[in-house]
Amino acid sequence: MLSDFSLSRNTVGYIIDGVMNKKAINDLKSQILEKFEEHDTINLYLEDSGIERFSLNAVMIATLFPVEHHHRFNKIALVTNRKWIHMLGVLDTVVVNVNLKNFTSDNRLEAISWIAQE
């Protein structure tokens with residue numbers, strides 16, 4: 001399940017829970033693409049709020065999407081306690097110049113503050 005919110009004019013956030021499968025990741029991807037229609041670039045906040053399980057398809061899409069659209073993201077904040085998700089974020093920053101920062105769930109307020117700064 002996705003819950004979305006706006007932090008500023010071009011900053012959107014998603015709190016994700018439940019099962020992250022191909023349908024769920026494509027729903028998230030569609031919502032982000034809609035934001036691209038409104039703004040040339042966006043800041044993106046993604047928070048893992050108890051995702052039960054991930055499918056391999058979802059992981060692949062989630063890893064490749066920022067690479068595909070790197071020029072459309074100002075900043076990406078990943079909030080999760082899963083170290084392997086943090087590693088995927090690091091991989092994206094190495095492959096392309098994406099301003100992506102990892103935060104633990106305990107540091108979500110720091111993540112919100114960072115992503116909302118111009």
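Let me begin with one residue, V94, which is exposed, because its relative accessible area is 63%, and exposed here means over 50%. This is a predicted model, so please keep that in mind for everything I show you today. V94 belongs to helix 3, the helix that covers residues 83–95. If you look for L33 in the structure, you will find that 61 residues separate V94 and L33 in sequence, and that their C-alpha atoms lie 23 Å apart in space.

Now please compare that with another pair, D17 and I51, which are 34 residues apart along the chain, while their C-alpha atoms are separated by 4.2 Å. D17 sits in strand 2, which takes in residues 11–20, and with a relative accessibility of 28% D17 counts as partly exposed.

Let me step back to the whole chain, which has 4 helices and 5 strands. Reading from the N terminus, the elements follow the order β-β-α-β-α-β-α-β-α, and you may want to trace that order in the structure with your finger. For 118 residues, a compact globule would have a radius of gyration near 13 Å, and the chain agrees with this, because its own value is 13 Å. Taken along the principal axes, the box filled by the C-alpha atoms is roughly 35 × 30 × 30 Å. Among the contacts with a separation of 6 or more, 73% are between residues 24 or more positions apart.

How much of the chain is buried? Buried residues make up 42% of the 118 residues. As for the outside, the chain exposes about 6600 Å², and carbon and sulfur atoms supply 53% of that area.

I would like to finish with two helices, beginning with helix 4, residues 108–116, where the buried residues are A111, W114 and I115. Why do these residues lie on the same side of helix 4? They cover an arc of only 95° around the axis, and that puts them on the same side. The general background is that an α-helix has 3.6 residues a turn, so residues three or four places apart point the same way.

Helix 2, residues 56–68, includes L56, and L56 counts as exposed because its relative accessibility is 64%. Together with M60 and L64, L56 forms a nonpolar patch on the surface, and the accessible area of these residues together is about 320 Å². So that is where I will stop, and I am happy to go back to any of these residues with you.

Conventions
Residues are numbered from 1 along each chain as its sequence is written. This is a predicted model: local features need pLDDT of at least 70, side-chain atom pairs count only at pLDDT 80 or more; totals for chains, interfaces and linings use all residues. Side-chain values use heavy atoms; hydrogens and water are left out. Patches are made of residues with over 30% relative accessible area and no salt bridge: like charges are joined within 9 Å, nonpolar side chains (Val, Leu, Ile, Met, Phe, Trp, Tyr) within 5 Å. Accessible areas come from the Shrake-Rupley method with a 1.4 Å probe; for residues, only the protein chains shown count as cover. A salt bridge is a side-chain nitrogen of Lys or Arg within 4 Å of a carboxyl oxygen of Asp or Glu. Buried means under 20% relative accessible area, exposed over 50%, partly exposed in between (1.4 Å probe, protein chains only). The radius of gyration is taken over C-alpha atoms; the globule rule is 2.2 Å times the number of residues to the power 0.38. Contact means heavy atoms within 4.5 Å. The arc is that of the directions from the helix axis to the C-beta atoms.
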